[in-house]
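Please find below my reading of this model, set out as a colleague's note. I have kept to points that can be checked against the coordinates.

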Amino acid sequence: MAAWTWRFEKADGAEVRPAVQPEDFTTQGDAESWIGEHWKALQEGGADQVRLFEDSAEVYGPMSLHADEA
């Protein structure tokens, strides 16, 4: 079964520790729902953008966590 994970980054692409620890996601929809619920706390905690991965393959990103850039 695929594992869906987020990578949390600063604007320059450097990885940062998320302010809210993500759970384990078994579907893309679950991962996207979670980011929709927690994006503001993640942004306030220092993440500027995220990338979504299915196992080790990048699905999309970087996606800004700043509303004015969405």
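The points that follow go from the overall fold to single residues.

1. Status and topology. The model is a predicted one, and the remarks below should be read with that in mind. The protein contains one helix and three strands, and, taken from the N terminus, these elements follow one another in the order β-α-β-β.

2. Overall dimensions. For a chain of 70 residues, a compact globule would be expected to have a radius of gyration near 11 Å, and the protein, at 11 Å, agrees with that expectation. Along the principal axes, the C-alpha atoms occupy a box of roughly 35 × 20 × 20 Å.

3. Burial and surface. Of the 70 residues, 27% are buried. The accessible surface amounts to about 4,300 Å², and carbon and sulfur atoms account for 47% of that area.

4. Contacts along the chain. If one considers the contacts between residues at least 6 apart in sequence, 51% of them join residues that are at least 24 apart.

5. Charge. The side chains include 5 positive and 15 negative ones, and the centres of these two sets are 8 Å apart.

6. The nonpolar core. The largest nonpolar core has twelve residues in all, namely Trp4, Trp6, Phe8, Phe25, Ala31, Trp34, Ile35, Leu42, Ala47, Val50, Leu52 and Leu65. At least two residues of this core come from each of strand E1 (4-9), helix H1 (28-44) and strand E2, while H1 gives the largest share, with four residues.

7. Trp4 within that core. Which residues does Trp4 contact, once its neighbours within four places in sequence are left aside? They are Phe25, Thr26, Thr27, Gln28, Ala31, Leu52, Phe53, Glu54 and Val59; of these, Phe25, Ala31 and Leu52 are also listed, together with Trp4 itself, as members of the largest nonpolar core.

8. Ala3, in the segment before E1. Ala3 belongs to the segment that precedes E1, and it counts as partly exposed because its relative accessibility is 34%, a value between the limits of 20% and 50%. With residues up to four places away in sequence not counted, Ala3 touches Phe25, Phe53, Glu54 and Asp55. Phe25, Phe53 and Glu54 also appear among the contacts of Trp4.

9. Asp55 and its backbone. Asp55 is placed in the loop between strand E2 (49-54) and strand E3. Its phi is near 55°, which is a positive value in a residue other than glycine, and a reviewer may wish to inspect the backbone there. Is Asp55 buried or partly exposed? With a relative accessible area of 47%, Asp55 is partly exposed.

10. The cis peptide bond. Gly61 and Pro62 are joined by a cis peptide bond, with omega at about 0°, and Pro62 lies in strand E3 (residues 57-64). Between Ala3 and Pro62, which are 59 residues apart in sequence, the C-alpha to C-alpha distance is 19 Å.

11. Gln21, in the loop between E1 and H1. Gln21 is located in the loop that runs between E1 and H1, and it counts as exposed because its relative accessibility is 60%, over the limit of 50%. Gln21 and His38 are 17 residues apart along the chain, and their C-alpha atoms are separated by 9.8 Å.

Key:
Residues numbered from 1 in each chain as written. Predicted model: local features only at pLDDT ≥ 70, side-chain atom pairs only at ≥ 80, totals over all residues. Heavy atoms only, no water. Rg over C-alpha atoms; globule rule 2.2 N^0.38 Å. Buried < 20%, exposed > 50% of the residue type's maximum accessible area, 1.4 Å probe, protein only. Contact = heavy atoms within 4.5 Å. Areas by Shrake-Rupley, 256 points an atom, 1.4 Å probe, with all protein chains shown as cover. Lys, Arg positive; Asp, Glu negative; His and termini not counted. Charge placed at Lys NZ, Arg CZ, Asp CG, Glu CD. Core = buried A, V, L, I, M, F, W, Y, C linked by side-chain atoms within 4.5 Å.
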